[in-house]
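Hi,

Here is the structure I promised to pass on. Have a look at it first, and my notes on what turned up are underneath.

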Amino acid sequence: MRSATREALASTRAVLSDLGPSAGLAAGAEILASGRAIAGAPQLLGLLSDPTADAAGKKVLIDRVFAGQSDATRAVLTAVAGSRWSSQQDLLAGIEDAGIRAVAATAGPDSSIESELFAFETAVRSDAGLELALGTKLGSPQQKGALVERLLGAKASEQTITIVSALVQQPRGRRIGEIVRDASRIVAEQAGKLVATVVTATPLTPAQSARVTRGLSERYGKDISINQVVDPTVVGGVRVQIGGDVIDGTVSTRLSELRLQLAG
């Protein structure tokens, strides 16, 4: 991530934090929808992302174009437009980040948005037809959003449905798995947590899961949310991925390393 975008993200998140409860679930949904609208209007996107354009003029434009949106939504969009982004795509990603954070902030302390996002990704990954329906460029955004709402229905929280429904309508060139993983990372960050994907040959028992969670929390100094993947091919042991870090203690990896040593 380039420095301009890092600073712009920090500025936008600060404005979102200052808004507090006024940037609730409805505002989060509005912010995500506004991002889709801006992405679909190249001239508007060009004006809002132009670092030489007058900030006051951008605010007037936002107030006019998004007059029907809440004050909180317009405040976030004004903050985004008033910052210097490294690219137009980074600006759109910044709006998405703000929308997801606003939605996630409305969930309770015992919420399971990350787990619900992971379950959705797993379901899509295991169904080629579903992945095609959500990933195709031929279907309309509205149809994809409606499909997500039908799929999740009463199975997920309102926050998860709002996030996924919005993101499948504006993938920005990403596959479904990448979209959901990006969202899960943002949701975890908003809650001050990290997401760990734990791969084992058989399901972890509650006690084992608790030990893994405790160990990772101590190592990284943050609360950890675990997404568990069962993969019999790892034979035994555990593989953990947190962001770009991979801790691989699986039997299959050790066997592969041994074969390489013998071959050498």
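**Salt bridges**

Arg239 is partly exposed, with a relative accessible area of 25%. Before I go on, please keep in mind that this is a predicted model. The partner of Arg239 is Asp248: the two form a salt bridge in which the closest N and O atoms are 3.9 Å apart. That counts because the cut-off for a salt bridge is a side-chain nitrogen of Lys or Arg within 4 Å of a carboxyl oxygen of Asp or Glu. Asp248 is partly exposed as well, at 34% relative accessibility.

How many salt bridges does a search of the whole structure find? It comes to 16. As you'll know, side chains of opposite charge can pair when their charged atoms come close.

Next, take a look at Arg13 and Asp97, which form a salt bridge with their closest N and O atoms 3.0 Å apart. This pair links distant parts of the chain, with Arg13 in helix 1 (residues 3–19), Asp97 in helix 6 (residues 88–104), and the two positions 84 residues apart. Are the two partners buried or exposed? Arg13 is partly exposed at 29% relative accessibility, while Asp97 has 4% and counts as buried, because buried means under 20%.

Then there is Arg175, whose side chain meets that of Glu131 in a salt bridge (3.2 Å, N to O). Arg175 sits in the loop between helix 10 (158–169) and helix 11 (176–190), and Glu131 is in helix 8 (residues 128–135), so this pair ties together parts that are 44 residues apart in sequence. Arg175 is exposed, with a relative accessible area of 60%. Glu131, for its part, is partly exposed at 24%.

Back to Arg239 and Asp248 for a second: that is the salt bridge at 3.9 Å. Elsewhere, salt bridges with shared partners join Arg13, Asp97, Arg101, Arg185 and Glu189 into one network.

**The two pockets**

If you want somewhere to start browsing, try the largest pocket, which holds about 490 Å³ of space. It is lined by 20 residues, and the closest to its centre are Arg181, Val195, Thr197, Gln241 and Gly243. Which elements each supply at least two residues of that lining? They are helix 7 (113–125), helix 11, strand 1 (193–200) and strand 3 (238–242). Helix 11 provides the largest share, with 7 residues. Sorted by class, the lining of this pocket has 7 nonpolar, 5 polar and 8 charged residues.

The second largest pocket has about 360 Å³ of space. Its lining is made of 18 residues, with Gly135, Thr136, Lys137, Lys144 and Pro171 the closest to the centre. Two or more lining residues come from each of helix 8, helix 9 (141–152), helix 10 and helix 11. Helix 8 gives the most to this lining, namely 5 residues. Here the lining divides into 8 nonpolar, 5 polar and 5 charged residues.

**One cavity**

The search of the whole structure also finds 1 cavity of 30 Å³ or more. About 70 Å³ of space lies in this cavity. Which elements give two or more residues to its lining? Those are helix 2 (25–39), helix 6 and helix 10. The largest share comes from helix 2, with 4 residues. If you'd like to click through the lining, the residues are Ile31, Leu32, Gly35, Arg36, Leu92, Ile95, Glu96, Ala166, Leu167, Gln170 and Arg172. By class, that lining has 6 nonpolar, 2 polar and 3 charged residues.

**And a threonine**

One last residue for you to find is Thr5, which lies in helix 1. Thr5 has 4% relative accessibility and counts as buried, since the cut-off for buried is under 20%. Which residues does Thr5 touch, leaving out those up to four places away in sequence? The contacts are with Arg84, Trp85, Ser86 and Asp90.

That's the tour. Shout if anything is unclear.

Cheers

Notes
Residues are numbered from 1 along each chain as its sequence is written. This is a predicted model: local features need pLDDT of at least 70, side-chain atom pairs count only at pLDDT 80 or more; totals for chains, interfaces and linings use all residues. Side-chain values use heavy atoms; hydrogens and water are left out. Buried means under 20% relative accessible area, exposed over 50%, partly exposed in between (1.4 Å probe, protein chains only). On a 1 Å grid over the protein atoms alone, a cavity is a set of points where a 1.4 Å probe fits but cannot get out, and a pocket is an open set with protein on both sides within 12 Å along at least five of seven lines; lining residues have an atom within 4 Å of a point. Grid points are joined across faces, edges and corners, and a volume is the space filled by probe spheres set on the points. Ala, Val, Leu, Ile, Met, Phe, Trp, Tyr, Cys and Pro count as nonpolar, Asp, Glu, Lys and Arg as charged, and the others, Gly among them, as polar. Contact means heavy atoms within 4.5 Å.
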